[in-house]
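Here are my notes for your first look at this one. Keep the viewer open and follow along point by point.

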Amino acid sequence: MSRNATRGFSYEEDLLFERSRPGRCGVDLPRNDVPALDARALLGELARSELPGLPELSEIDVVRHFTRLSTWNAAVDLGLYPLGSCTMKYNPKLNERVARLAGFAAAHPLSPAEETQGLLALFWQLERCLAEISGMDRVTLQPAAGAQGELAGIMMIRAYHARRGERRTKVLVPDSAHGTNPASAALNGYQVVSVPSGDDGILHPDAVAAVMSEDVAGLMITNPNTLGIFETHLAEICEIVHAKGGLVYGDGANLNALVGVARPGDLGIDVLHFNLHKTFSTPHGGGGPGAGPVGVKAALAPHLPLPVVERAADGSHYWNHDLPHSIGRLHGNHGNVGMLVRAYAYIRALGPDGLERATELAVLNANYLLARLRGAYHVPFAKPVLHECVVTDRSLAETGVTTLDVAKRLIDHGYHPPTVYFPLIVSGALMIEPTESESKEGLDRFADALLEIADEAHKDPELVRGAPHHTRRRRLDETRAARKPVLRWQPGS
Amino acid sequence: MLAAIGAPSLGALFESIPARFRLSRALELPAAASEYEILSELGELAARNENAEARAWFLGAGVHHHYVPSAVDALVSRAEFYTSYTPYQPEISQGTLQAIFEWQTMMCGLTGLEVSNASLYDGASASAEAVLMALRISKRRKVAVSAALHPHYRTVLETYLGALDFELVTLPRGDDGRTQLRALDAETACVLVQQPNFVGCIEDLRALASAAHAHGALLVTSVAEALSLALLAAPGECGADIVCGEAQSFGVPMGFGGPHLGFLASRMAHVRQMPGRLVGETVDADGQRGYVLTLSTREQHIRRERATSNICTNQGLCLMMATIFLALHGKQGLRALAQRNFEKAEYAKARLREAGLTLPFAAPSFNEFAVRLRAPAHEVLAAARAQGIVAGFDLAKFAPELGDALLVCVTETAAKAAIDRLVAVLAGARA
C-alpha cells in the first residue's frame, strides 16, 4: 500500500515544512501603487535578513494540507461527543453566518460608540438575557473564556472586601471542582482551602462551616457539581458563607442543567460565570475561542471590569468608563465578540420555551444513558443526576480493563470518549454529558457501544486494552513527549 | 425513555432541586424567532456599525485591518476544526495537534525563540502572562514597563498583578518616540516594551536587552502588530527572553476586538514556567510519528492552585486561521506583505510631510505612526468620516503633550488614492 493513504481516501499528511518547495507562494498581493523602497537599507539593523520557519507552498498545497488534517479530527458534526462538563452541543450554522456579517466582523473596537450602536445594542440585549437567565443583576461580557471569567469574578470578590477595608486570605474550593477554580483563586493571591465532598457526592453544610471564618473571602462552587448532582444544601451553604461576610462564586460550567428551570442568583450565588461555548452553543473551535461572561449581584456591580455598556434615556447605548471601584480591564478590547453574537442568535432562536425545553432534554438524555449503563458500569453515587452522569470502571476491575481502555475502545466504535478520570474524587471516572442535541436512537447506539465494550472487557480484555485499533494513529507515547520535548520542527529532524 | 429511567415525568427528573428554588414562571426573554427573522434582526444591528469593508480604513492601535485570503475562512469552516474541542484524545485529534505544532514552529521562526505555546486570549493578557512568567523565573518583584506600551495592555497588566505583591515602574518615552531606560536595579524582574511601540516607533531591542540583562532582568517584548515580525529583526535574536503579543493580523478578522489570538514564545530553559498549552512530537504504539498535548504538569487541571496559569480554553480556531494564513503567505508572501505595509505607510508619511504636517517622532516606524494636526482631532476625525474615511486613533489621552495628534495605520488594504484623500483631509483641516 502506498504511503499516501492508509485506507482508500484516508490520507497521511506531512508537515507544512516537509511539503515546502522553494519559490512557491499561496497568495498574491495587489499591484503596488506607491514607490518601492529598500526597507533593509532604510531600517538597517532594525530589519531582519531572513525569515526562517515559514514554508513555501501553493494555495492548493495549503488547502489540501489542512483539509486532510481536518479529517483526522473527531467533531460534533461527525457524531456524539459526550465530553462531560464541556457541553458539546450542536453549533447552529446560522450563528456562523451572522457572526461573519461585515458590520460585526469588520468593526473596530476603538470606533466611537455613536458609530457602533448596533454592537452596543447587541451587548446590552445579551447582558439583559444572561441576567434574566441567571438571576443576576449585571453581566460583563469581557472575559474571553470561563477561566478568565473566574479570574474576573474572584477579583471582584477581592475588590468588594477591600472596599470594606477587609483583607481576607482564603478561598474555599470543593475537592470536586475544576482545576481552574483553585488556579484562579491563587492568581488572586488567595490561599486555597479544599473542602471535602460528602460520601453522597455533594457538599455538606458542616464541612463548609468547619472551615468558614472571617479570613475566608468566599466559596467557589459548581452547581450541579462535576458529578452532575444538584447541590441540595447550597442555600444553607450560602447562608453559612454569607453569615461570616463571605461571598459565593458560582462556576457556570454546568449551567446547561438549569436554564429556565432554576436560577443561580435565586440560590444565593453572588457571582457566576457563563461558558457561552458550553451552554449557549458557540463552537468549541478545537480549544477555543470561548467566552466567559460574568454575572454579579448589585452589591458587586461597582467592581465590574471596564468599560460597561449602559443604555441612555433616549434608547442609545454608550460605554461607561466611570467606575472608580472597577477591577480594571481584563481584555485588550471587548472580549470574544464573535462568540457573543453567536450566543445571542442562539438565545433568540430558542426563546424562553426552547431554552427550558433544551434543559429538560439534556437532563432526560443523561438520565436515560445512566439507566442504560447501570449494571455494566459502576455508578458511584445514588443521588439523581441532572445533565451529566459519572460511571466508573470498578465493575471491570477483575478484567484488568481500565477507564482509559474503555475510552480508547469507544474510539473504535466511532465515539469521542467522555471526560475521563475527572472529577478527581471518583476513581476511574467516566463523566458523560450527551447534551440535548442527541436523539434516542443516537443515545441507544452509544449505550450499546459502551455495553459491548464492557462485554468485551470480560471476554477479550486484550482487545480493549490495545484500543484504538482503527485510528490512523494508535495510542501515543505521552511519557516520551514530556521527557524529551520536541515542540517544533527543525530542518533535518 | 422516562420508563427506562423509572421517572413518571420530565419534571420528576428535577426533584433534586428544592421546590422553592425552581423557577415557577417562564424566563422573560424575547419569544423564539425563526432563522430568517434572526438574520434580519442581526443584519439590522450589523448595519449600524461602521466597518472596514465600507470605509477607507486607517485606524489600528492594536487591531489591524488586513486582507484575509479566501482559503482561510473556507478551511476553518471545516466542521472537523470548529466543532471539535481541546485535543485531549490525541488519536482522534491529530489534525488540530499537527496544526498547533506547525504554529509553534512558525512562531519560533518569527520571534527568534525556541518554544511557542498554543495561544493565549489576546495580546493584552499574553503580555500580563509574560510578566507573571518573568516574575516566576527571576523571583524578583519589580516590573519596568515602557510608557509606550498599548494603554489597554498596561491596564490589563495592572488588573492581573493587582492582587500580588509587585511594583510597577514606568520607563518614560523619549522625544524620538522610543522607550528610555531608567530605574533598573537588582530588584527588576523584567523590562516590558512593545515593538513597534504604541506610537508606532521601532524600539532598539538590542540596546534594551543588554541594559536589562546587565541588571539580571529579563526583556519581555510585546508585539501588537504581528506582521512587523516579518520585516523587523527577530526579537529573540536581539536578546528578548520572552516575546508575546497579538497575532490578529495573521488572518483573524478585527471583529470589534475579538476573538483574537495572544501568543507567547520563550527559550527552552524557561519552558516549564510557560503558561498555556504546548504540543509535542512523539510516536504511537506502532512507532508512527504523532502529536500530543505535553508538559501538562504546568497546567491547572494537574497542578491546580500551583499551575503556571489558570488558562484552559484558549483561542484554538484563531490559531488555526493564523496557521493557514502563514502557510498561504509563506516565506516570500509574508515578507512581501510586510514590505508593502512599510511602503504604504512611508508613502503616507512622505505625503503628510509634503503637506506641511509634523510627524513628531524621529524613530522609524513599520505601518503606523503619529501625526500632529492643525485642528482639534475630533473635528478632523469627523470631517474624515463625512468623506468615508476612518482616519486613525486620537492620541489626546495617551500623549496629551503632542497636542492634537492622530495615530495613523496604513496597511496593504489602503490604495494610493485613499491615502491621498486621507492626506488631503488631515492637511486641509485648520483651526
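**Notes on the two chains**

1. Let's start in a loop: A:Pro423 sits between strand 11 and strand 12 of chain A. The peptide bond that leads into A:Pro423 from A:Phe422 is cis, with omega near 0 degrees. Bear in mind throughout that this is a predicted model.

2. Now look at the strands on either side of that loop. Strand 11 and strand 12 (residues 429-432) of chain A run antiparallel and are joined by 2 bridges. If you want one pair to find on screen, take A:Thr419, whose bridge partner in strand 12 of chain A is A:Met431. These strands belong to an open antiparallel sheet of 3 strands in chain A, in the order 10-12-11. Its edges are strand 10 (389-392) and strand 11 (419-420) of chain A, each of which pairs on one side only.

3. Carry on past strand 12 of chain A and you come to A:Thr435, in the loop before helix 14 (440-459) of chain A. The phi of A:Thr435 is near 65 degrees, which is positive although the residue is not a glycine. For background, most residues other than glycine have a negative phi, and most peptide bonds are trans. Is A:Thr435 buried or exposed? A:Thr435 has 25 other C-beta atoms within 10 Å, so it counts as buried; the cut-off for that is 20 or more.

4. Chain A also has a hairpin, made by strand 8 and strand 9 with 5 residues between them. In the turn, A:Gly315 has a positive phi of about 90 degrees. The two strands, residues 308-311 and residues 317-320, pair in the antiparallel sense over 4 bridges. A:Val309 in this hairpin has A:Trp319 of strand 9 of chain A as its bridge partner.

5. On to domains. Chain A splits into domain 1 (94-348) and domain 2 (354-479), with C-alpha centres 30 Å apart. Where they meet, 19 residues of domain 1 of chain A are in contact with 20 residues of domain 2 of chain A. The domain 1 side of that contact has 9 nonpolar, 8 polar and 2 charged residues.

6. Chain B has two domains as well: domain 1 (56-68 + 331-428) and domain 2 (70-325). Note that domain 1 of chain B is written as two segments. The C-alpha centres of these domains lie 27 Å apart, and 26 residues of domain 1 of chain B touch 29 residues of domain 2 of chain B. Helix 11 of chain B gives the largest share of the domain 1 side, 7 residues. That side divides into 16 nonpolar, 8 polar and 2 charged residues.

7. Strand 3 (residues 142-146) of chain B is worth a close look. Its 5 residues are all buried, so the strand is largely enclosed by the rest of the structure. B:Lys142, B:Ala144 and B:Ser146 are on one side, with B:Val143 and B:Val145 on the other. In a regular strand the side chains alternate between the two faces of the sheet.

8. Which strands does strand 3 of chain B pair with? There is strand 4 (residues 167-171) of chain B, parallel, through 5 bridges, and strand 5 (residues 188-194) of chain B, also parallel, through 4 bridges. B:Lys142 is the bridge partner of B:Glu167 in strand 4 of chain B, while B:Ala144 is the bridge partner of B:Val191 in strand 5 of chain B. Strand 3, helix 7 (residues 151-161) and strand 4 of chain B make a right-handed β-α-β unit.

9. Two loop residues in chain B to check. The bond from B:Gly258 to B:Pro259 is cis, and B:Pro259 is in the loop between strand 7 (242-246) and strand 8 (262-266) of chain B. B:Arg304 has a positive phi, near 50 degrees, and is buried, with 22 other C-beta atoms within 10 Å.

10. Finally, how the chains meet. The contact takes 162 residues from chain A and 153 residues from chain B. Helix 11 (residues 316-354) of chain B supplies the largest share of the chain B side, 24 residues. B:Ile324 touches residues that include A:Val62, A:Phe66 and B:Leu75.

Note on methods: Residues are numbered from 1 along each chain as its sequence is written. Chains are lettered from A and ligands numbered from 1 in the order in which they are written. This is a predicted model: local features need pLDDT of at least 70, side-chain atom pairs count only at pLDDT 80 or more; totals for chains, interfaces and linings use all residues. Two residues are in contact if their C-beta atoms, placed from the backbone, lie within 7 Å. Domain bounds come from an automatic or database domain assignment. Ala, Val, Leu, Ile, Met, Phe, Trp, Tyr, Cys and Pro count as nonpolar, Asp, Glu, Lys and Arg as charged, and the others, Gly among them, as polar. A residue is buried if 20 or more other C-beta atoms lie within 10 Å of its own, exposed if 12 or fewer, and partly exposed in between; C-beta atoms are placed from the backbone. Two strands pair if DSSP finds at least two bridges between them. A crossover is right-handed if, with the strands pointing away from the viewer, the path from the first strand over the helix to the second runs clockwise. Lists of a residue's contacts leave out its neighbours within four places in sequence.
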